[in-house]
Amino acid sequence: MYIPAAFAPDDATVRALLSHPRSADLVTMTDDGLVATFLPFVYHPDEGEHGVLRGHLARNNDQWSRPAVGEALVIVHGPDAYITPNWYASKAEHGRVVPTWNYATAHVYGELRVHDDPVWLAGLVRELTELHEAGEAAPWAVDDAPEKFVDGMLRAIVGVELVISRVEAKVKMSQNRPPADVDGVIAGLEARGDAANAEAVRAARSTAVH
């Protein structure tokens, strides 16, 4: 991934991005070519040398049964938004501005392992559920569903685990713009109703190296 110095995140930012992914793509090279699946992952930073990512596939999705050639790749997507030059103070000053796209992403590489153990899968499903239900007013729990139903659902999935070898991350949140332009971006995003991206720009500004 091309990562200009202004958009290179620190370790804490990378850890936060992996700990709270909105979505991710599992990509593997197989003997038949590239295969990709969209799925959520949970991050365990303290396992192994660089941490692990765990998720699950539908059993009918044959990506898990097609051995990966070399490393697998998980592409984690953070917040992203279109940025209009109308938000820049620089537009009124000299007009030398163009549209861009703000985004945060991480390319996570490593060895892909498959888990077909019901106990392992049950633990993962509970962990994923608790992670994503945490912000709900009345969080749903796996035990809210009938046990036999849950057992049947677990039989329909297969676990995957990426043992991380390296991470390439990029956080492009207007850090290369003058302070007045960044103020305009934050105000513009908030006026659009995109509080999450406005907060991401603020966070990037606070961690930027000057």
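Helices here are DSSP runs of at least four residues, numbered from the N terminus. The model is predicted.

Start with helix α5. This helix covers residues 179–192, 14 residues in total. From first C-alpha to last, α5 reaches 20 Å, close to the 20 Å expected at 1.5 Å a residue. G193 follows α5, and its phi is positive, near 90°.

Now look at which side of the helix faces inward. The buried residues of α5 are D181, V182, G184, V185, I186, G188 and L189. An α-helix has 3.6 residues a turn, so residues three or four places apart point the same way. Buried here means under 20% relative accessible area. The cover over the buried residues of α5 includes two strands, β5 (72–83) and β6 (100–115). Helices α2 (89–93) and α6 (195–207) also belong to that cover.

Next comes the sheet. Seven strands build an open sheet, and their pairing is antiparallel. The order is β2-β1-β5-β6-β7-β4-β3. β2 (33–38) and β3 (42–44) stand at the edges with a single partner strand each, so one side of each has no neighbour in the sheet. On average, neighbouring strands are turned by 30° against each other, direction ignored.

Step inside the sheet to β1, residues 23–30. Five bridges join β1 to β5, and the two run antiparallel. Within this pair, L26 stands opposite V74 in β5.

Two helices can be placed against these strands. Helix α1 (residues 11–19) packs on the sheet and touches β3, β5, β6 and β7 (157–172). The direction of α1 makes about 70° with that of β6. Helix α5 lies across β5 and β6, running at about 90° to β5.

Notes
Residues are numbered from 1 along each chain as its sequence is written. This is a predicted model: local features need pLDDT of at least 70, side-chain atom pairs count only at pLDDT 80 or more; totals for chains, interfaces and linings use all residues. Side-chain values use heavy atoms; hydrogens and water are left out. The expected span of a helix is 1.5 Å times one less than its number of residues. Buried means under 20% relative accessible area, exposed over 50%, partly exposed in between (1.4 Å probe, protein chains only). Contact means heavy atoms within 4.5 Å. Two strands pair if DSSP finds at least two bridges between them. Axes are lines fitted to C-alpha atoms, for helices over the stretch in contact, and angles run from 0 to 180 degrees between N-to-C directions.
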